[in-house]
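Here are some notes to help you find your way around this model. Please keep the 3D view open while you read.

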Amino acid sequence: MIVYEITSLKSKIRPHVNGNRVSFDVQIESDGRIGEQWTSGNDFDNRFIRQVEADTVKRVKQRIGKMLHKVQKEYRADVIGLGEQVRIQYPRVWKK
């Protein structure tokens, strides 16, 4: 068990329009640190750090995917501003 503490976070959202279909690329970049470690790894070993990074990326992707699905399908809300990005970059599509 490892606790990853996010110290900074940046995101970029790029909409794509293909006919009537709208999709998004969401890029998230974070800096952080290992807050707690309950495993038998060496904090200063590069291989261990790369493994922690890969595991963290995987878990964050899973959690964001679940959150987006729940917000869009269950609550029918746009809490991260996807619609605003469409309005800015594709105003004609937005008006439709």
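1. A definition helps before we start: patches are made of residues with over 30% relative accessible area and no salt bridge, and nonpolar side chains are joined within 5 Å. Please also bear in mind that this is a predicted model.

2. With that in hand, look at the surface, where Ile-6, Leu-9, Val-26 and Ile-28 form a nonpolar patch. Together they have about 350 Å² of accessible area. Strands β1 (2-18) and β2 (21-37) each supply at least two residues of this patch, and Ile-6 is in β1.

3. Those two strands are worth following further. In which sense do β1 and β2 pair? They are antiparallel, with 16 bridges. As one example, Lys-10 has Glu-29 of β2 as its bridge partner. The hairpin has 2 residues between the strands, and Gly-19 takes a positive phi near 70 degrees there.

4. A salt bridge also joins side chains of these strands: Arg-33 meets Glu-5 at 3.1 Å, N to O. This pair links distant parts of the chain, since Arg-33 is in β2 and Glu-5 is in β1, 28 residues apart. Arg-33 is partly exposed at 49% relative accessible area, and Glu-5 is partly exposed too, at 31%.

5. How many salt bridges does a search of the whole structure find? The count is 3. One of them joins Glu-74 and Lys-70 at 4.0 Å, N to O. These two residues are separated by about one helical turn, because they are 4 residues apart in helix α1. Glu-74 is exposed, with 54% relative accessible area, while Lys-70 is partly exposed at 38%.

6. Arg-87 and Glu-84 meet in a salt bridge as well, at 2.4 Å, N to O. Both are in helix α2, 3 residues apart, or about one turn. Arg-87 is partly exposed at 38% relative accessible area, and Glu-84 is partly exposed at 36%.

7. Now turn to the buried residues of α2 (residues 82-89), which are Leu-82, Gly-83 and Val-86. Seen down the helix axis, they fall within an arc of 100 degrees, so they line one face of α2. These buried residues pack against β1, β2, α1 (46-74) and α3 (91-95).

8. Finally, have a look at Arg-76, in the loop between α1 and α2. Its phi is near 50 degrees, a positive value in a residue other than glycine. For context, most residues other than glycine have a negative phi. Arg-76 counts as exposed, because its relative accessibility is 71% and the cut-off for exposed is over 50%.

Key: Residues are numbered from 1 along each chain as its sequence is written. This is a predicted model: local features need pLDDT of at least 70, side-chain atom pairs count only at pLDDT 80 or more; totals for chains, interfaces and linings use all residues. Side-chain values use heavy atoms; hydrogens and water are left out. Patches are made of residues with over 30% relative accessible area and no salt bridge: like charges are joined within 9 Å, nonpolar side chains (Val, Leu, Ile, Met, Phe, Trp, Tyr) within 5 Å. Accessible areas come from the Shrake-Rupley method with a 1.4 Å probe; for residues, only the protein chains shown count as cover. Buried means under 20% relative accessible area, exposed over 50%, partly exposed in between (1.4 Å probe, protein chains only). The arc is that of the directions from the helix axis to the C-beta atoms. Contact means heavy atoms within 4.5 Å. Two strands pair if DSSP finds at least two bridges between them.
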